Amino acid sequence: MKKSKINFFDYKPIIKTTAENWHDWKWQIKNSLKSENDFSQYFQLSKKELNGFHISKNKFKIQTTPYYASLAQADIPSDPIRLTFMPNEAEGNDGLQQQLDPLGEKKNNPTPRIIHRYPDRALFLVTDTCSLYCRYCTRKHFTATDQASVNKHDYNEALNYLKKTSSIKEVILSGGDPLTLSNAKLEKIIHDLYQIPSIEIIRIGSRIPATLPMRIDNELINIFKKYKPIYFMSHFNHPNEITSYAAEKLELLVDNGVPVFNQMVLLNGVNNHPAIIYALSRRLLYLRVKPYYMFQCDPSRGSDHFRTPVEESQNIQKELWGKASGLAMPNLCLDIPSGGGKAGFTPNFITKIEGNNYHFKGWDGVTEVYKSPTNESSKTPIMYKNYSLEWMKIKFKNKIYHQSSID
Ligand code: SF4
């Protein structure tokens with residue numbers, strides 16, 4: 001990688017092995033830390049963490065790659081990276097609103113592996129396996145439940161649903177983590193999806209650039225190049241996850257025509273400070289990764305200790321507004337519990353509305369009036385049939401409209 005203007009996080013491998021092993025993603029998965037005994041060889045475990053191993057045993061799988069464990073401090077239990085993968089006794093607390101399926105995905109689950117909540121896009125859960133299990137995971141109803149990769153019946157059902165639902169233009173491969181599948185399996189899925197005429201875009205949601213960057217090999221890149229457009233949705237939560245290794249792989253994706261967008265989760269005690277979000281966003285943007293979403297943590301079972309007060313999340317957004325460039329600014333958003341969909345936040349800069357005069361106070365205190373044109377001055381642009389028809393189908397959930405109805 002070229003010399004960078006930004007310092008990426010330095011790490012030292014926690015396991016002594018050959019360089020060949022360390023850079024082999026399958027070796028990393030095989031040698032993942034899973035048990036109290038595995039972790040205690042490298043970490044001084046606190047009482048809360050030790051209790052966490054017992055409490056979480058039958059609740060949510062414990063696992064991290066040696067690479068990702070190497071980003072955490074061995075003797076500091078409050079280390080931000082460590083908090084995300086180390087079980088804690090707080091996972092046993094009932095919390096304010098805990099749900100096993102906070103996104104209400106089971107209500108929008110027309111076939112076992114498809115989640116269809118929005119008209120023009122759907123999630124395809126291609127595996128329940130991850131390279132590590134984030135303690136705040138929102139999909140605990142599915143992730144790590146040993147459903148593994150899709151069986152033939154469910155796979156065909158998923159493809160049939162996508163074929164007959166032509167309003168779906170984007171398919172998001174998710175799980176679990178799609179990049180835990182082999183290149184051959186992943187290529188077959190991408191190939192089959194792009195045979196469906198109505199599917200225009202495939203997105204891949206993966207935490208692997210942060211947790212197992214060695215997985216992003218040239219063979220995988222060649223698949224992405226062959227089946228463009230592929231959009232990559234990464235999941236970095238903290239600047240300490242952006243090592244030179246991760247940076248190199250993000251650049252590899254972008255250099256080869258794969259746009260990368262980052263979705264992060266605001267996590268209490270991990271990243272809930274504007275300075276941390278700013279550092280994360282600047283590093284991502286430098287690598288040509290767009291900071292896309294900053295999610296409020298969902299009330300997933302055993303995750304209450306990770307949730308930030310909504311007011312604090314909004315204050316973080318407001319602090320960053322104007323100081324961070326628009327390109328570096330992720331959208332603050334929460335998922336309305338039980339499947340209500342995404343709801344976004346934007347700081348309110350309007351201080352008063354008088355008729356068509358909108359009074360503003362800007363991010364650094366400048367006050368001014370914006371005189372809005374009246375509604376009567378609004379003109380309808382020329383409506384081309386194909387755009388209108390496409391829009392009506394999406395708006396009215398794929399109901400087929402006779403073209404004359406919108407002529
Ligand atoms: S990588 Fe994603 S799906 Fe897997 S445990 Fe983490 S948040 Fe959940």
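**A tour from strand β7 to Gln317**

Begin by selecting M294 and L332: M294 stands opposite L332, which belongs to strand β8. The model on display is a predicted one.

Next, extend the selection to the two strands as a whole. Strand β8 covers residues 331-336 and runs parallel to β7, to which 3 bridges join it. To follow the chain between these strands, select residues 310-320, which form helix α13. The chain leaves β7, passes through helix α13 and arrives at β8, and this β-α-β crossover is right-handed.

Now turn to the other partner of this tour, strand β6. Select residues 260-266 for β6 and residues 289-296 for β7; the two strands run parallel and are joined by 7 bridges. Within this pairing, highlight V260, which stands opposite V289 in β7. The connection from β6 to β7 is made through helix α12, residues 274-286, and this β-α-β crossover is also right-handed.

Return to helix α13 and select Q317, which lies in that helix. Is Q317 buried or exposed? Q317 is buried, because 21 other C-beta atoms lie within 10 Å, where 20 or more are required for that description.

Finally, display the surroundings of Q317. Leaving aside residues up to four places away in sequence, Q317 touches L332, F345 and P347. L332 is the residue in β8 with which the tour opened, opposite M294. P347 is 30 residues from Q317 along the chain, and the C-alpha atoms of the two are separated by 7.5 Å.

Notes
Residues numbered from 1 in each chain as written. Predicted model: local features only at pLDDT ≥ 70, side-chain atom pairs only at ≥ 80, totals over all residues. Pairing = 2+ DSSP bridges. Helix = DSSP H or I, 4+ residues; strand = E, 2+ residues; numbered from the N terminus. Right-handed = clockwise from strand over helix to strand, strands pointing away. Buried ≥ 20, exposed ≤ 12 C-beta atoms within 10 Å, placed from the backbone. Contact = placed C-beta atoms within 7 Å.
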